[in-house]
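Me: I should like to request a close look at a single part of the structure shown below. A formal, connected account suited to a first-year student would be appreciated.

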2 protein chains.
Amino acid sequence: MTPHHQADPAAPSLEQARRQIARYGLTADPQAVLVAARLMGAGARIGQAGEVHFGRFGLSTGRYRLLADLEDHGGEKSPSQLAASLGVSRATVTGLVDGLEREGLVARRPSTEDGRGNVVILTARGADRLRELAPEHFARMQSMVEGLSVEERTVFLDLLARIVAGIEALTED
Amino acid sequence: MTPHHQADPAAPSLEQARRQIARYGLTADPQAVLVAARLMGAGARIGQAGEVHFGRFGLSTGRYRLLADLEDHGGEKSPSQLAASLGVSRATVTGLVDGLEREGLVARRPSTEDGRGNVVILTARGADRLRELAPEHFARMQSMVEGLSVEERTVFLDLLARIVAGIEALTED
DNA sequence: TATGAATGCTTAGGTGCCTAACTATTTGGA
DNA sequence: TCCAAATAGTTAGGCACCTAAGCATTCATA
């Protein structure tokens, strides 16, 4: 490793934050900005790693979440409900269901109660897929946070929740 | 708020984690799995919020990062260098530069040293854009983490770095 | 010196996510 | 009762990201 090796793009330095703030004569706290920047970088990293992880099982993060949510609800749910519980738009659910249906992991049935509505059901093949990936999935999830003790994980959960609550500062107004 | 209001999709519960693990007779630690799941959810949330945030200034997260990186290096850098420091593929840089060039925020010039290479330069318009968005950008970044004290932020940075180091557990092998 | 390997960038095609607009159906109020 | 508003789902178009494959140019070496 040379003294000038490439810095981790997900981990901007405090110096960098200080420099950026100074350039425009602002008064923001460099440490606070650094935390925000690191979190954004970590978020991107985690997202990409998640796609690789679920890709092993022929799924994506979105498709896995839809499948798991379906299983958690007796294997049957409307697209609108799925959109609400996954926190994505209905259009995204349409796309996810299209892909999962193509692979036979879910199926669409017209709703018996509402002529406008559909119901997405988990097929046997879909349930199988979830069962097959579970051991490796949970093992890897667990090893990801193995660098922290139980106490540290508790602290982390608390701090993370409080920052997540602050995310709306980015979007509000 | 009703007693059965929709749970935050980014915040799965410990109960949910326990249930999923139990369903397949596994022995994973529910708390560890919860931390991993919450982090993945937070990552997605932050990513979306970032797009909204930068969208205010006619940019995206990727385009902002490219612009800021360019400014940090004297306003001139090759696509390959940009890809390395942003942590994305060269193909992605091509797309980002295409968009930024269309809006006149950067320009492409052939490299004088390497006939194969380009140099991306920050235009005056691009530097203006960065200067205009800086006050609001840093203010919002700061408010995002305002729920934490300085000491808590330090702890958070440490814990986050150690979990980020564990991300490769999701991808390795 | 000539040629194959490495490098720089773009293109093509895929996925996920979004918003906005469109169709079909249901619901509710004048 | 009837018609407008709300709701369910899809489609269309956009952006960011990826990998793989394609050119062009430069480098290294036989």
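In E3(B), which residue is the bridge partner of Val106(B)? Please begin from that pairing and then describe the surroundings of the strands and of the DNA.

Reply: The model under discussion is a predicted one. In strand E3 of chain B, Val106(B) has Leu122(B) as its bridge partner. This pair belongs to a longer ladder: strand E2 (residues 106-110) of chain B and E3(B) are joined by 5 bridges and run antiparallel. E3(B), which covers residues 118-122, is also joined to strand E1 (residues 76-77) of chain B, here by 2 bridges and again in the antiparallel sense. Within that second pairing, Glu76(B) is matched with Ile121(B) of E3(B).

Chain A may be considered next. Its 3 strands form an open sheet in the order E1-E3-E2, with antiparallel pairing. Strand E1 (76-77) and strand E2 (106-110) of chain A are at the edges and have a single partner strand each, so one side of each has no neighbour in the sheet. Between E2(A) and strand E3 (residues 118-122) of chain A there are 5 bridges, and the pairing is antiparallel. One of the matched pairs is Pro110(A) with Asn118(A), the latter in E3(A). Helix H5 of chain A packs on this sheet and touches both E2 and E3 of chain A. The direction of H5(A) makes about 115° with that of E2(A).

The description now turns to the DNA, beginning with strand C. This DNA strand is surrounded by 23 residues, and the closest are Arg63(A), Thr92(A), Ser80(B), Thr94(B) and Arg108(B). Arg108(B) places a side-chain N or O atom 2.6 Å from a phosphate oxygen of DNA strand C. Asn118(B) contributes through its backbone, with a polar atom 3.1 Å from a phosphate oxygen of the strand. A base is approached as well: an N or O atom in the side chain of Arg116(A) is 3.5 Å from a base oxygen of DNA strand C. The elements giving two or more residues to the surface near this strand are helix H3 (61-71) and helix H5 (90-102) of chain A, together with helix H4 (79-86) and helix H5 (90-102) of chain B. Among the atoms of DNA strand C within 4 Å of the protein, 67% belong to sugar or phosphate, and the rest belong to bases. By class, the residues of the surface near DNA strand C comprise 5 nonpolar, 12 polar and 6 charged.

DNA strand D is likewise surrounded by 23 residues, of which the closest are Ser80(A), Arg108(A), Ser60(B), Thr92(B) and Gly115(B). Of the atoms of DNA strand D that come within 4 Å of the protein, sugar and phosphate account for 68%. An N or O atom in the side chain of Arg108(A) is 2.6 Å from a phosphate oxygen of DNA strand D. Thr94(A) has a polar side-chain atom 2.8 Å from a phosphate oxygen of this strand. From chain B, a backbone N or O atom of Gly115(B) lies 2.7 Å from a phosphate oxygen of DNA strand D. At least two residues of the surface near DNA strand D come from each of helix H4 (79-86) and H5 of chain A and helix H3 (61-71) and H5 of chain B. The residues of that surface divide into 5 nonpolar, 12 polar and 6 charged.

Notes
Residues are numbered from 1 along each chain as its sequence is written. Chains are lettered from A and ligands numbered from 1 in the order in which they are written. This is a predicted model: local features need pLDDT of at least 70, side-chain atom pairs count only at pLDDT 80 or more; totals for chains, interfaces and linings use all residues. Side-chain values use heavy atoms; hydrogens and water are left out. A residue is near a molecule or strand if one of its heavy atoms lies within 4 Å of it. A polar contact is a pair of N or O atoms within 3.5 Å; within protein, one must be able to donate a hydrogen and the other to accept it, and residues adjacent in sequence count only if both atoms are side-chain atoms. Helices (H or I, at least four residues) and strands (E, at least two) are DSSP runs, numbered from the N terminus. Ala, Val, Leu, Ile, Met, Phe, Trp, Tyr, Cys and Pro count as nonpolar, Asp, Glu, Lys and Arg as charged, and the others, Gly among them, as polar. Two strands pair if DSSP finds at least two bridges between them. Contact means heavy atoms within 4.5 Å. Axes are lines fitted to C-alpha atoms, for helices over the stretch in contact, and angles run from 0 to 180 degrees between N-to-C directions.
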